[in-house]
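The following note collects remarks on the model under review. Please read the points alongside the sequence and the coordinates.

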Amino acid sequence: MTELTDLTVAEIRDGFRAGDFSAREVASAFNANVAAAKALNAFIVETPEKALEAADAADKAKAAGEAPGALAGVPIGMKDLFCTQGVQTTAASHMLEGFMPTYESTVSGKLWAAGAGMLGKLNLDQFAMGSSNETSYFGNVISPWRRGGGDNAALAPGGSSGGSSSAISARLCPAATGTDTGGSIRQPAAFTGISGIKPTYGRCSRWGIVAFASSLDQAGPMARTVRDNAILLEVMSGFDPKDSTSLDLPVPQWEANLSSDLRGKTVGIPKEYRPDGLNAEISALWDRGIEWLKDAGANVIEVSLPHTKYALPTYYIIAPAEASSNLARYDGVRYGQRDLPDGAGLQDMYAATRAAGFGPEVKRRIMIGTYVLSAGFYDAYYTQAQKVRALIARDFEQAFEQCDLLLTPTAPSASFALGEKQADPLAMYLNDVFTVPASLAGLPAMAVPGGLDAAGLPIGLQIIGKALDEQTVLNASLAIEERAGFAARPDKWW
């Protein structure tokens, strides 16, 4: 018999409706897994009572003959960047330690309204700034995966949604929320052998999500299957008048329209994504992915995105600039951390509070952002970066005149050991090289696992689609999922 914690979101939903098990049985099973996995440090706050409360409500409604919500009986993890009413929301920072929101983020509210239960708040890189989940004030998350050959080095789960990726891969939750600013859903998904989608910018409301870079931040789901991502994305999406960037569009029926038949579709392979020195195993997986999409009926052509080489420096000007502005609100006056040295004035309180409340990576990005926004350098850096961002978006528009979607690697390597890149910020930033361009253009993009490398670690592929065409992205990802047949899971050591 399949363990309840091995079931996908779709299997839990359908099994609950069919009466194969109760929602409480499912919630209890996942609560037990969460409680037994402290070594992974995936959760900042565990909320077993919230999961059971939602489960009991689902069981009661079912017994009364009421129509179940889309996620009735399904417990999930919530990235600790989403404000949850009455439950600590920290953004993995000392600055917000102990902050209890009096309101619910739009996305989490939609999930609870659909019947989902909360297993807890998931760890992340502090204020979503990082690619390895090593910048959290509450300690780094550890990937459940290990290299083969007796190498027991602790590995990074990716970032910033590393708590989400680690928890799903380790079967602590069947799905979780993530946020993606420059790859923070897709890269962790690739590192841990799961799937995750960043929808078109504006599909999911940003209201109630702790802000990093407002023109880039986008919520999305993470789960073990493409179908599960489609199920969650339908619930999470939709217009929100409280978010000025929210798209006032109907939510498509992504799950109902899932199909791995790609006949009539053209897939572009961007030549700039295959630089000299690309990891041979990543390159080989990319070639297999091309064959899988051809097998699904797609036509494959080469396309050019000539400004790709400028995407990473552009991102690391725009994102820190927006972070510098967004994080100015943490001053010790209204909420969060306050450090007030004896005899200190207002400026002293600002300085002491921010020095104690922010970690080194957050400070680094605030300093970069403040520099590029300063009077003498605004035009030289920030204005130029915005111009290049427009060119990158235009590259995609021109490519999509020839094709329907793009296939690329998700990350330049498999997971690396914790601490391996911590001393070299530039090496860490290069983890985002394949994911940042789609973020700058606001396009939907999905990571899907493709196999294991020689060390037994997951590696994945990325599908990038046209704006608002999540359906084709999901369908192509499903075609890869079916042909890759990825069923590997980490050996339990925690």
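**Remarks on the predicted model**

1. Surface. About 17900 Å² of accessible surface is computed for the protein, and carbon and sulfur atoms account for 52% of that area. The structure is a predicted model, and the points below should be read accordingly.

2. Overall dimensions. Along the principal axes, the C-alpha atoms occupy a box of roughly 65 × 55 × 50 Å. The radius of gyration is 21 Å, which agrees with the value near 23 Å that a compact globule of 494 residues would have.

3. Secondary structure and contacts. The chain is assigned 15 helices and 11 strands. When contacts between residues at least 6 apart in sequence are considered, 77% of them join residues at least 24 apart.

4. Burial. Of the 494 residues in the protein, 60% are buried. The term applies to residues with under 20% relative accessible area, a cut-off that is needed again in points 5 and 6.

5. Ala91. The phi angle of Ala91 is near 55°, a positive value in a residue that is not glycine. Ala91 belongs to the loop that runs between β2 (75-79) and α4 (106-113). Is Ala91 buried or exposed? Its relative accessible area is 0%, so Ala91 is classed as buried.

6. Ala92. A positive phi, of about 60°, is also found at Ala92, again not a glycine. Ala92 is placed in the loop between β2 and α4. Because its relative accessibility is 0%, Ala92 counts as buried. A reviewer may wish to view the backbone of Ala91, with phi near 55°, together with that of Ala92, with phi of about 60°.

7. Cis peptide bond. Which peptide bond, with omega near 10°, is cis? It is the bond from Gly159 to Ser160. Ser160 is located in the loop between β3 (117-122) and α5 (162-169).

8. Nonpolar patch. Tyr371, Phe377 and Tyr381 together form a nonpolar patch of about 270 Å² on the surface. One of these residues, Tyr381, is part of helix α12, which spans residues 378-399. With a relative accessible area of 33%, Tyr381 is partly exposed. Patch residues must have over 30% relative accessible area, so the 33% of Tyr381 satisfies that condition.

Methods. Residues numbered from 1 in each chain as written. Predicted model: local features only at pLDDT ≥ 70, side-chain atom pairs only at ≥ 80, totals over all residues. Heavy atoms only, no water. Patch = residues over 30% accessible without salt bridge, like charges linked within 9 Å, V, L, I, M, F, W, Y side chains within 5 Å. Areas by Shrake-Rupley, 256 points an atom, 1.4 Å probe, with all protein chains shown as cover. Salt bridge = Lys/Arg side-chain N within 4 Å of Asp/Glu carboxyl O. Helix = DSSP H or I, 4+ residues; strand = E, 2+ residues; numbered from the N terminus. Buried < 20%, exposed > 50% of the residue type's maximum accessible area, 1.4 Å probe, protein only. Rg over C-alpha atoms; globule rule 2.2 N^0.38 Å. Contact = heavy atoms within 4.5 Å.
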